[in-house]
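Thanks, everyone, for making the time this morning. Please have the model open in front of you while I talk.

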Amino acid sequence: MTDIAPPTAAGSVMPIPGPSDPMVVPRKTPQRADGLIELVGLDRPAIAAALEAIGLPAKTARMRSSQLWHWIYHRGATDFAAMANIAKDHRALFARHFAVGRPEIVTAQASSDGTRKWLLRFADGEEAECVFIPDATRGTLCVSSQVGCTLNCRFCHTGTMKLVRNLTPGEIIGQVMLARDALGEWPGATPAPITRPVVNDAADDDEDDDVWVPGAHNPGNNYTPEGRMLTNIVMMGMGEPLYNFENVKAALQIVMDGEGLGLSKRRITLSTSGVVPMMARAGAEIGVNLAVSLHAVSKEIRDEIVPLNRKYGIEQLLQACADYPGINNARRITFEYVMLAGKNDSDEDAHELVRLIRKYRLPAKVNLIPFNPWPGSFYECSSDERIRAFSDIIFRAGISAPVRRPRGRDIMAACGQLKSASEKISRADLDKRAAEKELSWTL
Ligand code: SAH
Ligand code: SF4
């Protein structure tokens, strides 16, 4: 069987197996309503197989697949007619069988701070969000890995979504390609003017700790020598990437391919809430930077706010971090820590965090995330003074602990605010939904 066989379950929304079985979901080619086969998301052998399936001899298929690869992933072409080095009759043949698409944009919003958010709809009507965050020296795309999330961290909007499915490699990489379209970043395209912040980071070596000057406009698209605005990718959108391991891996391999989108693994960060059994594989097989959503230092509090902790506890998680392939002082693990007033933000919590990082000898930095509220959320963000005091304790222990500035809050694009459909749901229903999800994966 090849990768291009039409999926039998396309269009259906299925429950994703829980943490007891972080199941690998087989790769599928998304089914388009027009019956064409979508090439975005396929790797070289899969493109070659698709070409053979429409009658090209193996050798020609291999040659044409390299050309298609270049046009699709390196040049951003969506029209076969533009693929100048491919014979005309083959271009026409490809157009009859294949498509090079993009997710449909349902809404595109821009924040006053330059952040952009797209709500995307996929072939089966399911939706996910994707956010671009321009900064002083880089532009970061926050990519979703699932529609919704099977985990239900108590402070996260995505976790309240009822229906969940894994995104396919094409749907994951489609977010990156769509952002490149919007930013006018393909070779030969006219770069789109973009509002981005001016920063004052003179005495600051941490890239996350920039001072944002609202309203500043700077149209110079020159983050990289090639003039790229989209320089970094974080798998921190909707969903738990390690519960969609195979598809995330396939998509990131295309993103990292030098003849594809060509982004270095050092510029890609995968964030996990702590799916311990998949962490070593992520390091060995994908090799990107790791961020871990720690958020609490005691079993009691982490069990409550990141319920996956009941399955994989803090000590187990930190041991998996210590074992993560390729970490060293130049390539540290980032611990994400959401600041929740009165919950996880005391001086004692900060000291305990330092003790744990030292105990496991982790090359680490801590990213303090002020809690971003969402409709119906029931936590409050710690005060600025509390966050500063917490950060100071960690800094004094020699560990970097910048405070992540909320970006795009006015368009609900900040960490943990993503959710594709605005359902009206009561607190009681939220609790019920959380209990159902937990039951499904603690069994
Ligand atoms: N599922 C993955 C990646 C997506 S979430 C994970 O949990 O790591 C990206 C980050 O935003 C995580 O650290 C998450 O815990 C954090 N987050 C979720 N809800 C938030 C909120 N309301 N305010 C601030 N950060 C939040
Ligand atoms: Fe899922 Fe991450 Fe949100 Fe937790 S914080 S519910 S793992 S998306």
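I will go through one helix and then a group of charged side chains, and please keep in mind that this is a predicted model.

Let me begin with helix 9, residues 347-359, where 13 residues at 1.5 Å a residue should span 18 Å, and the end C-alpha atoms are indeed 18 Å apart, which agrees. Within helix 9, the residues Asp349, Ala350, Leu353, Val354, Leu356 and Ile357 are buried, and because these buried residues fall within an arc of 165° when seen down the axis, they line one face of the helix. On the other side of helix 9, Glu348 and Arg358 are exposed. The buried residues are covered by elements including helix 8, strand 14, strand 15 and helix 10.

Asp349 deserves a second look, since it is buried yet has no salt bridge, with the nearest side chain of opposite charge, Arg386, 7.1 Å away. Beyond its neighbours within four places in sequence, Asp349 is in contact with Val297, Tyr337, Lys343, Asn344 and Phe390.

Now to the charged pairs: the whole structure holds 20 salt bridges. In one of them, Glu246 and Arg281 meet at 3.0 Å, N to O; Glu246 lies in helix 5 and Arg281 in helix 6, so this pair ties together parts that are 35 residues apart in sequence. Glu285 and Lys249 form another, with the closest N and O atoms 2.8 Å apart, and this pair again links helix 6 to helix 5, across 36 residues. Lys249 is buried, at 16% relative accessible area, whereas Glu285, at 28%, is partly exposed. Through shared partners, Glu246, Lys249, Arg281 and Glu285 are joined by salt bridges into one network.

How values were computed
Residues are numbered from 1 along each chain as its sequence is written. Chains are lettered from A and ligands numbered from 1 in the order in which they are written. This is a predicted model: local features need pLDDT of at least 70, side-chain atom pairs count only at pLDDT 80 or more; totals for chains, interfaces and linings use all residues. Side-chain values use heavy atoms; hydrogens and water are left out. Helices (H or I, at least four residues) and strands (E, at least two) are DSSP runs, numbered from the N terminus. The expected span of a helix is 1.5 Å times one less than its number of residues. Buried means under 20% relative accessible area, exposed over 50%, partly exposed in between (1.4 Å probe, protein chains only). The arc is that of the directions from the helix axis to the C-beta atoms. Contact means heavy atoms within 4.5 Å. Lys and Arg count as positive and Asp and Glu as negative; His and the chain ends are not counted. A salt bridge is a side-chain nitrogen of Lys or Arg within 4 Å of a carboxyl oxygen of Asp or Glu.
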